[in-house]
Amino acid sequence: MPRLFNQTNLFFKVMGVVFDLAVLNILTLVCSIPIVTAGASFTAMHYVLWHMVRGEETYIARQFFEAFTRNFRQATLFWLGCLPFIALVWLNVLVIQELPAENRWLLFATLAVAALVATAITEMYFVLLSRYENRTWTQLKNAALLSLGYFPRTIAMMLVLATFAAIYILFSTYLIPLLIFLGLTLPQYCCAWLYNPILVDLDERN
């Protein structure tokens, strides 16, 4: 068989990953539509992603819905707790925009730092929930400790998410198909390569 059509060819491997990410993205978006189920959807997405980056055999839909169902209650309760904070950040953005220009930058910077810290801990929370069974407070405490303990990886993940978010905002009109098929899972797949070594370290300790 010519190398071009060999299933181990790099092109086919890349396209296989892209297809899996597209399926996972659609599942994540559809299951997040009620808003309150977004936490369970994010957790299920991470469950599939860290299997993917480890090169383990993945059954996207089956594994997604298994994790979605298993973690639904805990993920949903945590996500409902996050929604007021998200609303507060958005409200503060609107208020700061009405202030004089010379007073905005410090407030925006403070708000951005607070939002990044919260995002980092929330990201790690859903990752841990997808992998380990613990009470919500334990998961949250571990998420904060790991975000700080693996600070370079945390910063790298936040840069990845911020970069994709900026691209989506600036070119949203042209990137609608990308947003539908890879908008969530592509940046999170990049993050999975960064947080997977953290999970490996935790597994080895246990």
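In this predicted model, helix H2 is mostly covered, with 15 of its 16 residues buried. The length of H2 can be checked against a simple expectation: at 1.5 Å a residue, the 16 residues of the helix should span 22 Å, and the C-alpha atoms at its ends are indeed 22 Å apart, so the two values agree. Just after H2, Gly55 takes a positive phi of about 75°. A positive phi also occurs before this helix, in the loop between helix H1 (10-32) and H2, where Ile35 is found. Phi of Ile35 is near 70°, a positive value in a residue other than glycine. For comparison, most residues other than glycine have a negative phi. Ile35 has a relative accessible area of 46% and is therefore partly exposed, since that class ends at 50%.

Helix H2 (38-53) is also one of the elements around the largest pocket, together with helix H4 (72-97), helix H5 (101-131), helix H7 (151-170) and helix H9 (185-205), each of which gives two or more residues to the lining. The volume of this largest pocket is about 1300 Å³. The pocket is lined by 32 residues, and those closest to its centre are Trp79, Ile86, Thr119, Leu161 and Ala165. The largest share of the lining, ten residues, comes from H5. By residue class, the lining of the largest pocket divides into 25 nonpolar residues, six polar residues and one charged residue.

The second largest pocket has a volume of about 220 Å³. Its lining consists of Val113, Leu116, Val117, Ala120, Ile121, Ala144, Ser147, Leu148, Phe151, Thr154, Ile155 and Met158. The elements that contribute two or more of these residues are H5, helix H6 (136-149) and H7. As with the largest pocket, where H5 supplies ten lining residues, H5 gives the most to the lining of the second largest pocket, with five residues. The lining of this second pocket divides into ten nonpolar and two polar residues, with no charged residue.

Two further residues illustrate positions on the helices that line the largest pocket. Ala118 lies in helix H5, and its relative accessibility of 21% means that it counts as partly exposed, because the buried class is restricted to values under 20%. The C-alpha atoms of Ala118 and Ala75, which are 43 residues apart along the chain, are separated by 16 Å. Asn92, in turn, lies in helix H4 and is likewise partly exposed, with a relative accessible area of 31%. Between Asn92 and Asn142, which are 50 residues apart in sequence, the distance in space is 28 Å, C-alpha to C-alpha.

Aromatic side chains were considered next. In general, a pair of aromatic rings is described by the distance of the centres and the angle of the planes. The structure holds twelve aromatic pairs, among them the pair formed by Phe11 and Phe12, which is edge-to-face, with 5.7 Å from centre to centre and 80° between the planes. Phe11 counts as exposed, at 52% relative accessibility, whereas Phe12 is partly exposed, with a relative accessible area of 27%. Another of the pairs, that of Phe78 and Tyr125, is stacked, with 3.7 Å from centre to centre and 20° between the planes. Phe78 lies in helix H4 and Tyr125 in helix H5, so this pair ties together parts that are 47 residues apart in sequence. Both Phe78 and Tyr125 are buried. These two residues also belong to one aromatic cluster, which is formed by Phe42, Phe78, Trp79, Tyr125 and Phe126. Trp79 thus appears twice in this description, as a member of the aromatic cluster and as one of the residues closest to the centre of the largest pocket.

Aromatic rings are also found beneath charged groups. The charged end of Arg62 sits over the ring of Tyr59, at 4.5 Å from the centre of that ring. In a second arrangement of this kind, the charged end of Arg70 sits over the ring of Tyr47, 5.0 Å from its centre.

Note on methods: Residues numbered from 1 in each chain as written. Heavy atoms only, no water. 1 Å grid on protein atoms, 1.4 Å probe; cavity = no way out; pocket = protein on both sides within 12 Å on 5 of 7 lines; lining within 4 Å. Points joined across faces, edges and corners; volume = space filled by probe spheres on them. Helix = DSSP H or I, 4+ residues; strand = E, 2+ residues; numbered from the N terminus. Nonpolar A, V, L, I, M, F, W, Y, C, P; charged D, E, K, R; others polar. Expected span 1.5 Å × (residues − 1). Buried < 20%, exposed > 50% of the residue type's maximum accessible area, 1.4 Å probe, protein only. Phe/Tyr/Trp six-rings, centres within 6.5 Å; stacked < 30°, edge-to-face > 60°. Lys NZ or Arg CZ within 6 Å of the ring centre and 35° of its normal.
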